[in-house]
Amino acid sequence: MKLRTFNQGGVHPPENKISADIPIKILGVPQQICIPIHQHLGAPAVPVVEKGDKVKVGTLIAKKGTAFISANIHSSVSGTVAKIDDVLDATGYKNKAVVINVEGDEWEDTIDRSDHLVPEIKLEPEEILKKIEEMGVVGLGGATFPAHIKYMVSNGRKSDTLVVNGAECEPFLTSDHRLMLERTDEIMIGIQIMMKSGQVDRAVIGIESNKPDAIENLRIKAQQFPGIEVIPLKVKYPQGAEKQLIKALLNREIPSGKLPLDVGVIINNVGTVLAIYEAVQKNKPLIERVVTITGKKLKTKGNFLVRIGVPAAMLLEALGEEIPEGTSKIISGGPMMGKALNSLDIPITKGTSGIILMDESEAWRREPVNCIRCAKCISVCPMGLEPYLLEKLAEREMFDRCEANAITDCMECGSCSYICPAARPLLDYIRYGKVNVMRIMRERR
Amino acid sequence: MDPVILRSALTLGAVALSAAVILFLVAKRFKVYEDPRIERILELLPGANCGGCGYPGCRGFAEALVKAADEGDISALKCPPGGSDTMAAVGKYLGIEVAESLPTIAVVCCGGTLEKAPPKLGYDGPAKCTISHALFNGENGCAYGCLGLGDCVAVCTFDAIYMDEQTHLPVVLEEKCVACGACVKACPRHIIEIRPKGKKGRRVWINCMNKEKGAVARKNCKVACIGCGKCVKECPEKIQAITLGNNLAYIDPDKCIACGKCIPVCPTGSIAATFTPPQPKPKPQKEHKPETQEVSQ
Amino acid sequence: MNNRLVISLSPHIEGDFKVEKIMWGVVIALLPAFFASVYYYGFNAIKVVVLAVIFCIGSEYLIQKFILKYKEKVTAFDGSAAVTGLLLAFNVPSNIPWWQLLTGSIVAIGVAKMAFGGLGKNPFNPALVGRAFMLASFPVHMTTWPKPLENIWSFGADAVTSATPLGILKEGLNAGQTVEQMVEKLPGYFDMFIGNMGGCIGEVSALAILIGGIFMLYKKIITWYIPVFYLLSLAGFTGLFYLIDKSADPLFHLLAGGAMLGAWFMATDMVTSPMSIKGQIIFAIGGGILCGAIRIFGSYPEGCSYSILIMNAFVPLIDKYAKPRRFGKEVYNA
């Protein structure tokens, strides 16, 4: 059977899903954690606790800001607030965070900590929306967009399909894969909750074909739930990008500058679906997530259920390993779109999907040469842009021409830089151009 | 006369005459009136088209000068490469008084050489300071210091700044710099400042932009300013040119007399100057009277 | 851990694609044509090819090292100069004097490539510029072709010259001969396909070029649009005239002269051809029509190299207007 996929662009980096067989383990808590107050897209949250306050797991520590796009943040440990201060984050620049000294592991009474499944959905759609907002659920696919906003119907736009993103197209990452294998029932109920909230009858789960066990698992379970369909997809990066996923599953193309809601679709990551189940049925705010720790030189890899705010170094300790000799790059996220870290002491946030340790043989890029106009970058761009031209224009700071060539459509997937035979830093300059074009557009308004 | 020659001469003559008339009429119809003062002022300007005045090229500046002269006040306009002489000549032509302005120069306020602020991380990407600055805090860990990738060198049209290979810091050439301000705008960390050249080229400045607390700043760079305030105290009472704010000292160039007294008292050595500072006189040793011992006899 | 951690922007992995791989892939694709040329023209073919490659690589190296004073690594050995040398050699007759080849190489590399900034910055195909220069400067030597397979392995023997099929056609038409009279002198289709005809050493064997072209398609070095559309439009244009005048036989035009070599190796040069698929098709169709037009109406017997050079000049304009299809341009109703 021919597998569905998007038809324009895409590359095939080696999958390296070397941690796919390792079940999720629960990671313990350290003595001190540090929760940044800006872990989501939009305005940072505003702290509502002070130094010396006692908190439990699930206590609200930062409320969503006054801006429309913002989210709540809850404590993931019990203990005392040590300080609210500027702390070094992944980039080496400082950002505000709440630092808590851990004492014990007490949870808020309202949270249902039992293991049993809660299949009945008692809340009405508006109440579900309020619950998701209250519990601080954000998109766990990496973009960390506050989840409740996607369900708000506005301007008369209504949705007819829910898409669940189980593609996990980035190499090395396996957290979504393990979730689909181990928490299948909860995911199904989560999907039903989302269908009720968004008032849609149809849900489609897209999974890449390199996860056959997950596809089988979900397909068997989906037979018991009306309206939920599992569709396997061809392995191609960036299959998991929302525009490409919707095109592959439903053959609808989101126009430039518009949202999935404009083609009648609500889309969420599988991890977010689980978080919504736990928020609505178990009253549990978003305080932990599954993170993959992997790397070719590591003797063991792992998928851990980690509390938000735990330093990444704890993941390595939990594996019982030291940083391998020759490690030259530490990546938060996947190798195509992730961030390079300058140490392992940074906290895990809601958007961290994996930590990859890279060896020095792969860490440095090749020397760039002149662009040879081979047009490979054009053939792989999923958005149909011309990366070679955007790079040239951004380098010469001709930002008005960048805007005319739709540089803002770029989703920074990295396919162009990946495939360039001349090893040119295409995405670096495109990002530079994008930042400046958006600044110019803001100044215009 | 041969009829052919006569006919040719008349035809060509008629063509030439009509062409001349058409050109004359067109020139009159499409004539653009330009204030003749602009051309005269253009001759007085250096003609480097550097943009340091803030206008597009010398012609743009000349037009702005004429407009301002009609309003009666050209004090806001300044040509950095031309300096006081050019502005004086322009003022004389336009018949407006121009105040003397001090010669200025670009000053790099960072002392984080390769040796004093050793790199802890490697940067792999295009050699552009703006991109590196947006990505992370820098190879040596200081979020305020020079990145050494040379955006300032690339933008200078006077060849007045170059990157020192040993220290990875930019060096400004005093003879060539006209203080046009291009490097100031190019630096994403705002390390370069336009300061007066000072009497006989003597000037003192704090060679640091780090606003972190002292201990944190010193972890990354040995010559960072730790905001201890010793220089503030040392600056003579009447002058008081140094102020402290955000864990960083700052020398006001308009007040500083370049005496150099603050330089040796700085514990980290983060104050720089264009001359060797006078060493403080060693405190006079007290006469050490040996304890008289009664010699027991 | 003693290593410094590396910080860079994403992506943090690189694909296994290099400029050298592409260039040496083209060299391998040219090998069948090389073997065919050796078969038909013997020792001289080997001499011309080796000399051209050495001259091209040598001029690029010397220019980069001593005239431009490159501080970084010299790019003369990345394969692109070798490709230019091979293509230039394939575009000249096998008895060309070595000093004319040297001049052509220096012009091809020095003027058409390095003067514009090196690989990737040249607007015109370097091998074709070299050939056009040689044709204008040494017209006699560039238009006398030795007969294939005769005296090719003996040293210093006088070569028997013959004209190319296109040359025979042009002379015949100018002399007012009928089609039947010309057909007697022209080689048959099969001979033209395998290369048993007079011509420049690389352009004779359509079979060898086709093998090389298919190899490049398999390795994804080129796309099929330019060669197919170039040949189709050449055949179509001449076919239109074939309906009126039997001397413009489309199949003959496809196999004669440099059409095959031009379509598969010269027009597909990635630096000088358009970037989007729409653009490549426009480029190829324009080139094919021009080639046909020069052959039928022009005073030159051969029009392929000029047609490609003229279309090279249009490439920036084509690139400006023929953009790839952007995602989301057509809106689907939910």
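Trainee: In strand 8 of chain A, which residue stands opposite Asp85(A)?

Mentor: Ala97(A) is the residue facing Asp85(A) there. Keep in mind from the start that we are looking at a predicted model.

Trainee: What makes strand 7 and strand 8 of chain A a pair?

Mentor: Two strands count as paired when DSSP finds at least two bridges between them. Strand 7 and strand 8 (residues 94-102) of chain A are joined by nine bridges and run antiparallel, so the criterion of at least two bridges is met.

Trainee: And how many bridges link strand 4 and strand 7 of chain A?

Mentor: Two bridges, in the antiparallel sense, link strand 4 (residues 54-55) to strand 7 (residues 79-88) of chain A. The cut-off is at least two, so this counts as a pair as well. One of the places to look is Lys54(A), whose bridge partner in strand 7 of chain A is Thr80(A).

Trainee: Let's move to the open sheet of chain A. What is the order of its four strands?

Mentor: The order is 11-10-9-12, and the pairing is parallel.

Trainee: Why are strand 11 and strand 12 of chain A called edge strands?

Mentor: Strand 11 and strand 12 (265-269) of chain A each pair on one side only, and that is what earns them the name. On average, neighbouring strands of this sheet are turned by 25 degrees against each other, with direction ignored.

Trainee: How do you know that strand 9 and strand 10 of chain A belong together?

Mentor: Six bridges connect strand 9 (residues 161-166) to strand 10 (residues 202-208) of chain A, and the two run parallel. At least two are needed for a pair, so strand 9 and strand 10 qualify. For a landmark, find Val163(A), which is opposite Val204(A) in strand 10 of chain A.

Trainee: Which strands does helix 7 of chain A touch when it packs on the sheet?

Mentor: Helix 7 (residues 270-282) of chain A touches strand 9 and strand 12 of chain A, and its direction makes about 90 degrees with that of strand 12. The range from 65 to 115 degrees counts as roughly perpendicular, so that is the term for this angle.

Trainee: Now chain C. Why are helix 4 and helix 14 of chain C called oblique to each other?

Mentor: Helix 4 (residues 126-137) and helix 14 (residues 304-321) of chain C pack at an angle of about 125 degrees, their axes 10 Å apart. Roughly perpendicular ends at 115 degrees and roughly antiparallel begins over 145, so an angle between these limits is oblique. Helix 4 and helix 14 of chain C are therefore oblique. The crossing of helix 4 past helix 14 of chain C is left-handed.

Trainee: Which residues meet in that contact of helix 4 and helix 14 of chain C?

Mentor: Helix 4 of chain C brings Leu128(C), Arg131(C) and Ala132(C), and these meet Ser305(C), Ile308(C) and Leu309(C) of helix 14. By class, the residues of this contact are four nonpolar, one polar and one charged.

Trainee: How many helices and strands does chain C have?

Mentor: Chain C has 14 helices and three strands.

Trainee: What makes chain C as compact as a globular protein of its length?

Mentor: The globule rule gives 20 Å for 334 residues, and the radius of gyration of chain C is 21 Å, close to that value, so the description holds. The C-alpha atoms of chain C fill a box of roughly 80 × 65 × 30 Å along the principal axes.

Trainee: Which element of chain C pairs with strand 2 of chain B?

Mentor: Strand 1 (residues 5-7) of chain C does, running parallel to strand 2 (residues 121-123) of chain B, with three bridges between them. Gly122(B) stands opposite Val6(C) there. Across this interface, six residues of chain C are in contact with nine residues of chain B. The chain C side comprises four nonpolar residues, one polar and one charged.

Trainee: How many residues of chain A are in contact with chain C?

Mentor: There are 58 residues of chain A in contact with 36 residues of chain C. Strand 15 of chain A gives the largest share of the chain A side, five residues. By class, that side has 30 nonpolar, 13 polar and 15 charged residues.

Trainee: Finally, why is the peptide bond from Tyr237(A) to Pro238(A) called cis?

Mentor: Its omega is near 0 degrees. Pro238(A) sits in the loop between strand 11 (228-233) and helix 6 (242-250) of chain A. Ser10(C) and Pro11(C) are also joined by a cis peptide bond, with omega about 0 degrees.

Definitions and conventions: Residues are numbered from 1 along each chain as its sequence is written. Chains are lettered from A and ligands numbered from 1 in the order in which they are written. This is a predicted model: local features need pLDDT of at least 70, side-chain atom pairs count only at pLDDT 80 or more; totals for chains, interfaces and linings use all residues. Two residues are in contact if their C-beta atoms, placed from the backbone, lie within 7 Å. Ala, Val, Leu, Ile, Met, Phe, Trp, Tyr, Cys and Pro count as nonpolar, Asp, Glu, Lys and Arg as charged, and the others, Gly among them, as polar. Axes are lines fitted to C-alpha atoms, for helices over the stretch in contact, and angles run from 0 to 180 degrees between N-to-C directions. Angles under 35 degrees count as roughly parallel, over 145 as roughly antiparallel, 65 to 115 as roughly perpendicular and the rest as oblique. A crossing is left-handed if the near helix is turned anticlockwise from the far one by less than a right angle, and right-handed if clockwise. The radius of gyration is taken over C-alpha atoms; the globule rule is 2.2 Å times the number of residues to the power 0.38.
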